[in-house]
Amino acid sequence: YRSKIETIEDPYYFLKFDKQIKKIKTDFQDTKSATNIDRIKNDLTGVHNTLAENIDLLLSRTGKLEDTLGKTSKLKEDSKKWKDKAKKLEWDMWMKKNMTYMVIGGLVFLF
């Protein structure tokens, strides 16, 4: 609605809401009216329930984030282990492949 409000040039454009605003104002001016108090209590209860639900969702999200963080750190550790094992395996395979050539070359070098 912001764009509509900024482009309104007629100062009396919102007078059509004047009747509704006056009616709501008179409804809430009588502070002893039981319906007004009940309506306010119901609104506050609704707001309270909404806030409680939001807090519960936030707490559950925090728990899920902590679980995800723990899993992430474990995956990081495991990937480092796999990387180290892969390097060792690569070295072992290279040595196994070239060991005969090194032994033959060493014997030729000695004799």
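## A walk along helix α3

Start by selecting Lys85 and Trp82: the charged end of Lys85 sits over the ring of Trp82, 6.0 Å from its centre. Keep in mind while you click around that this is a predicted model.

**Zoom out to the whole chain**

Now show everything as a cartoon. You should see three helices and zero strands, and if you trace the chain along its sequence, the pattern reads α-α-α. Switch to a surface view next. The accessible surface of the protein chain comes to about 11,200 Å², and carbon and sulfur atoms account for 64% of that. How much of the chain is buried? Buried residues make up 3% of the 111 residues.

**Select residues 18-29**

This is helix α2, with twelve residues. Try a quick ruler check: put a distance between the C-alpha atoms at its two ends. At 1.5 Å a residue, the helix should span 16 Å, and the end C-alpha atoms are indeed 16 Å apart, so the expected and modelled spans agree. Colour α2 by accessibility and you'll find it hardly covered, as the count of buried residues in it is zero.

**Select the charged pairs**

Next, go hunting for salt bridges. How many does a search of the whole structure find? Three. Take them one by one.

- Lys74 and Asp78: the closest N and O atoms of this salt bridge are 3.2 Å apart. The two residues are four apart in helix α3, so about one helical turn separates them. Asp78 is partly exposed, with a relative accessible area of 24%; the cut-off for buried is under 20%, which is why Asp78 doesn't count as buried.
- Lys80 and Asp84: here the closest N and O atoms are 3.4 Å apart. Both residues lie in helix α3, four residues apart, or about one turn of the helix. Lys80 counts as exposed at 52% relative accessibility, while Asp84 is partly exposed at 38%.
- Lys88 and Asp92: this salt bridge has its closest N and O atoms 3.1 Å apart. Again you're in helix α3, with four residues and about one turn between the partners. Lys88 counts as exposed, at 52% relative accessibility, and Asp92 is partly exposed, at 33%.

**Select Trp91 and Trp94**

Time for some rings. Which kind of aromatic pair do Trp91 and Trp94 form, stacked or edge-to-face? The count for the structure comes to one aromatic pair. Trp91 and Trp94 form that pair, and it is stacked, with 5.6 Å centre to centre and 25° between the planes. The planes have to be under 30 degrees apart to count as stacked, so the 25° here qualifies. Both tryptophans lie in helix α3, three residues apart, which is about one turn of the helix. Trp94 is partly exposed, with a relative accessible area of 42%.

**Finish on the nonpolar patch**

Keep those two tryptophans selected and add Met99, Met102, Val103, Leu107, Phe109, Leu110 and Phe111. Together with Trp91 and Trp94, they form a nonpolar patch on the surface, with about 1,100 Å² of accessible area together. Show these residues as spheres to see the patch.

For a last click, pick Val103 out of the patch. Where is it in the chain? Val103 lies in helix α3, which covers residues 34-110. Is Val103 buried or partly exposed? Its relative accessible area is 43%, making Val103 partly exposed. A residue needs over 30% relative accessible area to join a patch, so Val103 clears that cut-off, and so does Trp94 at 42%.

Note on methods:
Residues are numbered from 1 along each chain as its sequence is written. This is a predicted model: local features need pLDDT of at least 70, side-chain atom pairs count only at pLDDT 80 or more; totals for chains, interfaces and linings use all residues. Side-chain values use heavy atoms; hydrogens and water are left out. Patches are made of residues with over 30% relative accessible area and no salt bridge: like charges are joined within 9 Å, nonpolar side chains (Val, Leu, Ile, Met, Phe, Trp, Tyr) within 5 Å. Accessible areas come from the Shrake-Rupley method with a 1.4 Å probe; for residues, only the protein chains shown count as cover. A salt bridge is a side-chain nitrogen of Lys or Arg within 4 Å of a carboxyl oxygen of Asp or Glu. Buried means under 20% relative accessible area, exposed over 50%, partly exposed in between (1.4 Å probe, protein chains only). The expected span of a helix is 1.5 Å times one less than its number of residues. Rings of Phe, Tyr and Trp (its six-membered ring) pair if their centres lie within 6.5 Å; planes under 30 degrees apart count as stacked, over 60 as edge-to-face and the rest as tilted. A charge sits over a ring if NZ of Lys or CZ of Arg is within 6 Å of the ring centre and within 35 degrees of the ring normal.
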